Amino acid sequence: MKIAVVGSGLIGQAWAIVFARGGHEVKMWDGDPKAVALAFTLIEKQVADLEAAGLITDPKGLVSRISGCTTLEEVLQDVDYVQENLPERVEMKLEIFAKMDKLAAPTTVLASSTSSIPASSFTEGLAGRSRCLIAHPVNPPYLIPVVEICGAPWTDAAIVQKTWDVMQSVGQKPVKIHRELRGFILNRLQGALLREAFRLVEQGYVDADGLDVTIREGLGLRWSFMGPFETIDLNAPDGLADYAHRFDEMYQAMSTEQTSTDHWSEEIIAKLEAERRAILPKDQLMARRLWRDRRLMALAAHKKAAEST
Ligand SMILES: NC(=O)c1ccc[n+]([C@@H]2O[C@H](COP(=O)([O-])OP(=O)(O)OC[C@H]3O[C@@H](n4cnc5c(N)ncnc54)[C@H](O)[C@@H]3O)[C@@H](O)[C@H]2O)c1
């Protein structure tokens, strides 16, 4: 299969790794020619790290399947699937999708990586709107496999299925979203947890580090191999319904204190920032990000080994 990556920033270059790792030929283009050259440098580094972690075996072969293009016309020529990765602004998505719809062959799938903008916001007026949809990754997609697949009301069901199949074939874990909503599923869940975390610190129940420990050494330990429904299914003797009946009262009572639509206040942002900077000075942020990626690689290797047993 031939893939086009449109926009080769952080997410575009990571997608190039995913598709090339899956054995596909990948063409990459960016509005800034320097960005494509930089993407190749960064891809080589990321691929070397993946090899060192035992997650790939042929880094040279992987990189050789990726090529750079100098125009949008060139990158869209003769491809089956396009993954768009321009900045998160609706007017940019409108412009690039209008151009791509004119230039790409009518059977080519046009997918956007947008984190929160529903496809209906930028594809409504297009002749080929039925082949447009969202394939939302998590950064970096070569280490975190979930991809949210979400069509507009006019997206052809066969295109949704084809995108799901493409993702499955390259080792990602696609999830179909049945109806459009802002932020899709992953960021809705992250948003709900963050809102409660901000509130608990703001109201003085816990400090930022205590909250992070609660997730890191508590809830989060299970989350790398099971979701919240499987968790509660296993946490009552007779399964999920038993759990729901035992704890409904408790969760319902808590929920009355958990609803609010306020912005995060500048005071709480400053308090959390100060607490984080005392734990991790600003000049150590990049080193810690690299540490996070190494931990993610070790976890990905562990999950791969666990899945094969
Ligand atoms: N970064 C993340 O964690 C993350 C996660 C999931 C989804 N996404 C989504 O992926 C998309 C890209 O995000 P990113 O983090 O890679 O951004 P980025 O800034 O790293 O990359 C954007 C790229 O688009 C190029 N570009 C800008 N304007 C252009 C134009 N008019 N024409 C052609 N190219 C242009 C830039 O040169 C840059 O290389 C966004 O929609 C974002 O929401 C990002």
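Helix 1, covering residues 10–21, is the biggest contributor to the shell around the ligand, supplying three residues. Keep in mind that we're looking at a predicted model here. The shell counts 21 residues, and the ones that come nearest to the ligand are Gly 9, Ile 11, Gly 31, Ser 115 and Asn 139. As for the chemistry of that shell, eleven of its residues are polar, seven are nonpolar and three are charged.

Now stay with helix 1 and look at what it packs against. Its partner is helix 2, residues 33–52, and the two axes sit 10 Å apart at an angle of about 50°. Angles of 65 to 115 degrees would count as roughly perpendicular and those under 35 degrees as roughly parallel, so helix 1 ends up oblique to helix 2. The crossing of this pair is right-handed.

Which residues make the contact? From helix 1 it's Gly 12, Gln 13, Ala 16 and Ile 17, while helix 2 brings in Ala 39, Leu 42, Ile 43, Gln 46 and Val 47. Sort the residues of this contact by type and you get six nonpolar and three polar, with no charged ones.

Further along the chain there's helix 8, made of the 17 residues 186–202. A quick check on its length works out nicely: the expected span is 1.5 Å times one less than the number of residues, so helix 8 should span 24 Å, and its end C-alpha atoms are indeed 24 Å apart. Just after helix 8, have a look at the backbone of Gly 204, which takes a positive phi of about 80°.

Definitions and conventions:
Residues numbered from 1 in each chain as written. Predicted model: local features only at pLDDT ≥ 70, side-chain atom pairs only at ≥ 80, totals over all residues. Near = placed C-beta within 6 Å. Helix = DSSP H or I, 4+ residues; strand = E, 2+ residues; numbered from the N terminus. Nonpolar A, V, L, I, M, F, W, Y, C, P; charged D, E, K, R; others polar. Axes fitted to C-alpha atoms, helices over the stretch in contact; angles between N-to-C directions. Parallel < 35°, antiparallel > 145°, perpendicular 65-115°, else oblique. Left-handed = near helix turned anticlockwise from the far one by under 90°. Contact = placed C-beta atoms within 7 Å.
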